[in-house]
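Me: I would like to go through this structure slowly, one question at a time, and have each answer reasoned out before the value or name is given.

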Amino acid sequence: MIEKYSIKELLEKGKKFLNKKVLVEGWIRSFRNSIFITLNDGSTIKNLQIILSKNLEKEFLKKITIGSSIKVIGIIIESLGKKQSIELKSLDIKIYGEVNQKSFQKTILQPKKHSLETLRKQAHLRFRTNIFSSIMRVRHHVAFSIHKYFHEHGFFYINTPILTTLNAEGAGKMFQVTTMDLKNIPHIRENVDYTKDFFQCKTYLSVSGQLEAETASLALGKVYTFGPAFRAENSNTSRHLSEFWMIEPEMAFYHLEENMDRAEDFLKFVIRDTIENCTEDLSFLKDHIKKWNQKQKSTLLERLELILKFPFQRISYTEVINFLEKSIQKKMVKFNHPVIWGMDLQSEHEQYLVKKCFQCPVIVFDYPSCLKAFYMRINNDGKTVRAMDILFPEIGEIIGGSQREERYDILLKRIKDKNIDDRKLWWYLDTRRFGSVPHSGFGLGFDRLVQFITGMKNIRDVIPFPRTPHNAEF
Ligand code: 4AD
Ligand code: MG
């Protein structure tokens, strides 16, 4: 039996494989002088050079084209070229799948520069490109690091439902789910009769698993979710997806300060771990980004290391407003949106704080209660809640979290004040009746973190199949 290896394994062990007979499989990246094939199998950004024997028939050679998939059995030899230490001298080659030459010209497999927008239009072939396969390998590693962090810190991974009857965040539109025949919707007088629907009530795709995670944390202590979230807002920005992935840790007996400490430690761990384990892909992305954006002063790695270097700046919402007002008065900055206590911070305000003023991530806490969800703990001033958002350069809000309202009466009042139907939340309220404790948590936008780490301008370029308004193909 001849052993099969990935290109990553072969190149990493390099000369240890010299003179060994091996089998490799992959897709052709280039073919030169009728003998040199560069092969990639997705395991690494690097390619393996294959040297064909000279006695292959012309008809067969015609089938060896960019994009076709092959199996090669050969002997590992030392490379004469400087680019790689080893190459494979082919003894036997088999073609699995040829490439349709007529359509090839229209695909992103063609070895020339394609824009990221063009790559998105061929999502099925996009994985074969250097840029996107690099991003996908990094994305995998970020996910792995996240699980590693929580596992090492005593958190339990729980799965919260995707189908729900609630809007946990209370803001924005949700995707409704139904099995009713839209051409023949049952009614009771003028109202839709949801008792005829699958769950006998109105159902949606979940915007967050937090409420369920809270109930679990009030028994297991520290838990986290890692799943998809769905939001039907019509926000066509470079940071919004209609379907995105979110990590939501929830910790019993945690106050807001401990929540902030945890979030900062967590982000730093994941970024550090990814830098250490994705050297080749990040180095490729660094060079790639340089080519597009000559203006960018710092390199990708410098920007990532800056996150690790200093403690995040912590500042209350009210202090932020005072600070921004002073900056305007001193004519240090001009904003398009007015600065008034009670407004939501706009991207221009966030970026001013992060990039110009503090030059590091900023944690803004104690937001006005009118801006935030019902579950956040109200402060003694009666006006602000124990919320915290972590703002990153370029991305803006990467984490949103809070200490939760653990006092039954106050929580019930908040629910009623926000016109939320408390009958749907009886099970959530019950946690505050049977051994309630101070507790906190946060939500990290996974795709936004991958976007930050890979330096991509648009969030659509870091997710395999982006879902955005008017776009659900693939
Ligand atoms: O601030 P959000 O809405 O918070 C929650 O959902 C809470 N339940 C979290 C918690 O306390 N457990 O969302 C959390 C994060 C945001 O900071 C952002 O990074 C990301 O989720 N996010 C999005 N990412 C991509 N596309 C969207 N449309 C996003 N909306 C939020
Ligand atoms: Mg938020």
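Reply: Helices and strands here are DSSP runs, a helix having at least four residues and a strand at least two, and they are numbered from the N terminus. The model we are reading is a predicted one.

Me: With those terms in hand, how many helices and strands does the chain have, and what share of its residues is buried?
Reply: The C-alpha trace of the chain spans about 85 × 60 × 45 Å along its principal axes, and the chain is made up of 15 helices and 18 strands. A residue is called buried when its relative accessible area is under 20%. Of the 474 residues in the chain, the share that is buried comes to 51%.

Me: Where is Ser 34, and is it buried, partly exposed or exposed?
Reply: Ser 34 lies in the loop between strand S1 (21-32) and strand S2 (36-40), and its phi is near 60°, a positive value in a residue other than glycine. Most residues other than glycine have a negative phi. The relative accessibility of Ser 34 is 42%, and because the partly exposed class runs between 20% and 50%, Ser 34 counts as partly exposed.

Me: Which class of exposure does Asn 419 belong to?
Reply: Asn 419 sits in the loop between helix H13 (408-417) and helix H14 (426-430), and although it is not a glycine it has a positive phi of about 60°. Its relative accessibility is 72%, and the cut-off for the exposed class is over 50%. Asn 419 therefore counts as exposed.

Me: In what order do the strands of the eight-stranded open sheet follow one another, and which strands stand at its edges?
Reply: The sheet is open and its pairing is mixed, with the order S6-S12-S13-S18-S17-S16-S15-S14. Two of these strands have a single partner strand each, so one side of each is left without a neighbour in the sheet, and these edge strands are S6 (156-157) and S14 (313-316).

Me: How many bridges join S13 to S12, and how many join S13 to S18?
Reply: Strand S13 (residues 243-252) has eight of its 10 residues buried, so it is largely enclosed by the rest of the structure. On the S12 side the strands run antiparallel, and Thr 225 has Glu 248 in S13 as its bridge partner. On the S18 side the strands also run antiparallel, with Glu 250 standing opposite Gly 441 in S18. The bridges number nine between S12 and S13, and between S13 and S18 they number five.

Me: Does the length of H6 agree with or depart from the span expected of a helix with its number of residues?
Reply: H6 has 23 residues, which at 1.5 Å a residue should span 33 Å. Just after H6 comes Gly 154, with a positive phi of about 80°. The end C-alpha atoms of H6 are 33 Å apart, which agrees with the expected span of 33 Å.

Me: Against which elements do the buried residues of H12 pack?
Reply: Helix H12 (residues 347-358) has 12 residues and reaches 15 Å from its first C-alpha to its last, close to the 16 Å expected. Its buried residues include His 349, Tyr 352, Leu 353 and Val 354, and Gln 359, which follows H12, has a positive phi near 55°. The elements against which the buried residues of H12 pack are helix H11 (317-329), strand S15 (362-368), strand S16 (384-392) and strand S17 (396-403).

Me: Which element gives the largest share of the lining of the largest cavity?
Reply: The structure holds two cavities of 30 Å³ or more, and about 40 Å³ of space lies in the largest cavity. Its lining is formed by Leu 116, Leu 119, Arg 126, Ile 131, Phe 132, Ile 135 and Asp 461, which by class are five nonpolar, no polar and two charged residues. The largest share of this lining, three residues, comes from H6.

Me: How do the lining residues of the second largest cavity divide by class?
Reply: The second largest cavity has a volume of about 30 Å³, and among the residues that line it are Thr 164, Leu 166, Ser 208 and Glu 212. The lining of this second cavity divides into three nonpolar, three polar and one charged.

Key
Residues are numbered from 1 along each chain as its sequence is written. Chains are lettered from A and ligands numbered from 1 in the order in which they are written. This is a predicted model: local features need pLDDT of at least 70, side-chain atom pairs count only at pLDDT 80 or more; totals for chains, interfaces and linings use all residues. Side-chain values use heavy atoms; hydrogens and water are left out. The expected span of a helix is 1.5 Å times one less than its number of residues. Buried means under 20% relative accessible area, exposed over 50%, partly exposed in between (1.4 Å probe, protein chains only). Contact means heavy atoms within 4.5 Å. On a 1 Å grid over the protein atoms alone, a cavity is a set of points where a 1.4 Å probe fits but cannot get out, and a pocket is an open set with protein on both sides within 12 Å along at least five of seven lines; lining residues have an atom within 4 Å of a point. Grid points are joined across faces, edges and corners, and a volume is the space filled by probe spheres set on the points. Ala, Val, Leu, Ile, Met, Phe, Trp, Tyr, Cys and Pro count as nonpolar, Asp, Glu, Lys and Arg as charged, and the others, Gly among them, as polar. Two strands pair if DSSP finds at least two bridges between them.
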